[in-house]
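Me: Got a minute to go through this one with me? I'd like to start with how the chains meet.

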Amino acid sequence: MAQSAPKETQTPTGAVVKHFPSPEPKRQGSYRSRKLSQKLISYFFLLVIASITVIPFLWTISTSLKSQNDAVFSIPPSFIPSQVTFENYITVWNTLPIPLYLWNSVILTFFGVLLPLILCAFAAFPLARMQFKGRNLVFLSIVATMMIPNEVTMIPVYLIINQLGLMGSFTGVILPGAVTALGIFLMRQAFMGIPKEVEESAVIDGANIWQLFWKIMFPMVKPMLGTLAILSFIASWNNFLWPFLILNDPTMYPITLGLYQLEGTFVTNTRLIAAGAMIALIPILLVFIALQRYFIEAAYSSSVKG
Amino acid sequence: MMRKWRTMGLTTMGSALLLLAACGDNAEDNAEASGSNGNAGEANEVADNQSNGDTNATTNASDAELSGEIEFMTLSLLPAFEDYLNNMIADFEEMHPGVDVTLRDVPFEQAEQLVLTQASSGDLPDVMNLNTDFVKQIAAYGALVNMDEAAADVKDDFFEGLWTTGYVNGATYALPWYTTTSGLIYNPDILAEAGFDAPPSTYEEAWEMSQVIYETTGAYGEVVDEQMHMLLPKHDIPTVDEESLTATFNTPEAVELWTHLKEQYDAGLFPDDVMLGQVAMPELYAQERVAWWATGPQLFRQVNDLDPEVYEKSLAAPALLGPAGRQHANPMNISVSSSSDSLDAAVEFAKFVTNAENQLEFGKEASVLPSVAEAAEDPFFAEGEDSEDAMERGRFYAAQQLEDAVNMTPSVEQVSQVNEIIRDSFHRVILEDMDPQVALDQAEAEVNALLQ
């Protein structure tokens, strides 16, 4: 009302413009078209980005289905094989013990996800909720280690694992990643976000510290646990260099390492590598499809809390 | 390196003490390793003498007495050569029933990281397949057995120009294994379109033809690849003086070479993405964007994998020769860890892997060339002169050049860094228009500072 009044006085022709319902649809129309063109532009860019991300993937699929007679790096790239063949998949399956590699990956990833969840929460809880001397110093020194790149600590950690006699064992692969500074940091933030009153009422109801942790606090940080689980999953599944340094028995290789054997010194069969990459991708896709909802939830929760 | 780890250790706050402890151990390990390394040959002799005395055997000291477990590390040879390697190991174990050899194959790209990590903890495999740069780096830790002493009895079997491949700090730390010299695979269609009926045989010819090919067909001819640091020795410009540890490449000839290459680049005759390693030569060749590719014939078949049609029409020729008139041969090497628990067995196994019989067989399997003269004389390598297959024919030419081939890698432990300095300075000339003389002056100063 306050807006419409001055507008009427400002119009020199006066009578035609009565009140704001008439300019309003006009404004809405221009707003709509502006919105539409904005949408078109953003969709255009999204399409460009999507095709940039998808093309290599499509190329890999098409290469994996090409027979030995099709060129791999032709110009322009050909996406449709002249003759679709599953020969490459069969060869990869027959040359390498793929199910064994996948199983090894599953074991390593299972512990690589489970241990950080529990241990980081254990470490983070007192740092977030308990009062003790030097708490901040402890937290700061944990966070400070995030500044050191992995490459620097690799050799000392290798020496420690060697001295512990854990070379060539899954334990040696899992142990260094069982607690991460990032995990402790994330979990501490999550615990700090829980209202003090929840904790106090649980104590009044007679919960001891162990019950307080498992029954009250731990379930309340589920979204952050989800985030951490996904981060750990990706890190464990894709881990290459560390298992490579620790494991020396090819029957213990995870899939990332196993597939590397397709690369030869003299001749590398690009089609086999493409087929191997697709085989390794399938489990990740299944996990993603199954947990899609949690992936997005995890992204939300981390964005709010972070 | 040791010093570097120590300072890095100091930067970690909480675990600094732990790290220092670890590095301290490490330094001791290495000191021990280098100590025993110096004596490796003697120790070996003593052991041999003992076994002589014990058995009262006549000459073959190392036979039945050998025992122990040996880990044998190869670079990217599985699963392609699994049967060959397993058969060889089985033969050796049959000859020496007390020895148990386990094979571990590692991907080439990750081998450096693995071997350096293992070397730092005194945990190297007993017998290793290493490339030349690794040998020189790891030998500098004192972690490898001196082969001039340990394998003195077989030294004369190898080509002289190849034996020195593992030479660094006054001794040879590796037995040369399979090797390659270059051959040339070329696309006769592109040459014909440009009006040529034969590929070039010298660098000079190559660049002249490149210009015509580029102007008529748009394809490249001669291309400078990632290994461009090898252009200096191929043009008879030695890189480093091993005795005085100084750079020797800052000469008028080098200035002339780089000025010349810069002119070729400015005329569009070679692409920078191959030089920078962003595009691999086999891909470029398979796309018919380059008229020839100079490389080891064993790699020719990669073209067949990428585009069978292009491979089908390709032909092979002898490799280009520079003013030095000699081919560069870069063998793979077999080294023995000086901290091995079964040193005698490991040295014996290394000799076994590189002997004429096994090298000949591997040469047949993998289309590579042997580093021992006896194997190279086999009729197998004389075949292929009239072969239709580019690789077989390339192998023939490469084998012909083996006698005159020499390993041109600089014999200093910092070989990788030296090569990188040369490459960087070349890139500055090509991509940043730096004056060749200025670039070479800088590179010389950097190399001298590195080697001092």
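Reply: Sure. Chain B and chain A bury about 3,500 Å² between them, with 65% of that on carbon and sulfur atoms. Keep in mind that this is a predicted model.

Me: Why quote an area for that?

Reply: Because the size of an interface is often given as the accessible area lost when the parts come together.

Me: OK, and how many residues does each chain put into the contact?

Reply: Chain B brings 43 residues and chain A brings 39 residues.

Me: How many salt bridges are there between chain B and chain A?

Reply: The count is 1 salt bridge between chain B and chain A. B:Asp305 pairs with A:Arg271 there, and their closest N and O atoms are 2.8 Å apart.

Me: And how many residue pairs are in polar contact?

Reply: Between chain B and chain A it's 9 residue pairs, counting those with both residues at pLDDT 80 or more.

Me: Which parts of chain B supply the side that touches chain A?

Reply: Several elements of chain B supply at least two residues each: the helices α1 (2-11), α2 (16-38), α5 (108-120), α15 (301-306) and α18 (356-366), plus the strands β1 (68-75) and β2 (99-106). α5(B) gives the most, with 7 residues.

Me: What's the split by class on that side?

Reply: The side of chain B that touches chain A has 21 nonpolar, 11 polar and 11 charged residues.

Me: Switching to pockets. What's the volume of the second largest pocket?

Reply: About 1,700 Å³ of space lies in it. The lining of that pocket has 46 residues, and those nearest its centre are A:Asn150, A:Pro176, A:Gly177, A:Val179 and A:Thr180.

Me: Which elements make up that lining?

Reply: From chain A, α4 (98-129), α6 (150-163), α7 (170-174), α8 (181-192), α11 (222-238) and α12 (241-246) each supply at least two residues, and α2 of chain B does so too. α6(A) gives the most to the lining of the second largest pocket, with 8 residues.

Me: How many of the lining residues are charged?

Reply: In the second largest pocket it's 1 charged residue, next to 31 nonpolar and 14 polar ones.

Me: What about enclosed space, how many cavities of 30 Å³ or more?

Reply: The count comes to 3 cavities. The largest cavity has a volume of about 50 Å³.

Me: What lines the largest cavity?

Reply: Residues of both chains. Chain A gives A:Phe244, A:Tyr253, A:Leu257, A:Tyr260, A:Gln261 and A:Glu263, while chain B gives B:Ser76, B:Leu78, B:Asp105, B:Val106 and B:Pro107. By class, the lining of the largest cavity is 7 nonpolar, 2 polar and 2 charged.

Me: I see B:Leu78 in there. What kind of peptide bond joins B:Leu78 and B:Pro79?

Reply: A cis one, with omega at about -5 degrees. B:Pro79 lies in the loop between β1 and α4 (82-95) of chain B.

Me: Any backbone oddities elsewhere, say which non-glycine has a positive phi?

Reply: B:Asn169 has one, with phi at about 50 degrees. B:Asn169 is in the loop between β4 (167-168) and β5 (171-172) of chain B.

Me: Back to salt bridges for a sec. How many over all chains?

Reply: 11 salt bridges over all chains. One of them joins A:Arg129 to A:Glu199, with the closest N and O atoms 2.9 Å apart. That pair links distant parts of the chain: A:Arg129 is in helix α4 of chain A and A:Glu199 in helix α9 (residues 196-204) of chain A, 70 residues apart.

Technical notes
Residues numbered from 1 in each chain as written. Chains lettered and ligands numbered in written order. Predicted model: local features only at pLDDT ≥ 70, side-chain atom pairs only at ≥ 80, totals over all residues. Heavy atoms only, no water. Contact = heavy atoms within 4.5 Å. Buried area = accessible area lost by both parts, 1.4 Å probe. Salt bridge = Lys/Arg side-chain N within 4 Å of Asp/Glu carboxyl O. Polar contact = N/O pair within 3.5 Å; in protein donor to acceptor, adjacent residues only side chain to side chain. Helix = DSSP H or I, 4+ residues; strand = E, 2+ residues; numbered from the N terminus. Nonpolar A, V, L, I, M, F, W, Y, C, P; charged D, E, K, R; others polar. 1 Å grid on protein atoms, 1.4 Å probe; cavity = no way out; pocket = protein on both sides within 12 Å on 5 of 7 lines; lining within 4 Å. Points joined across faces, edges and corners; volume = space filled by probe spheres on them.
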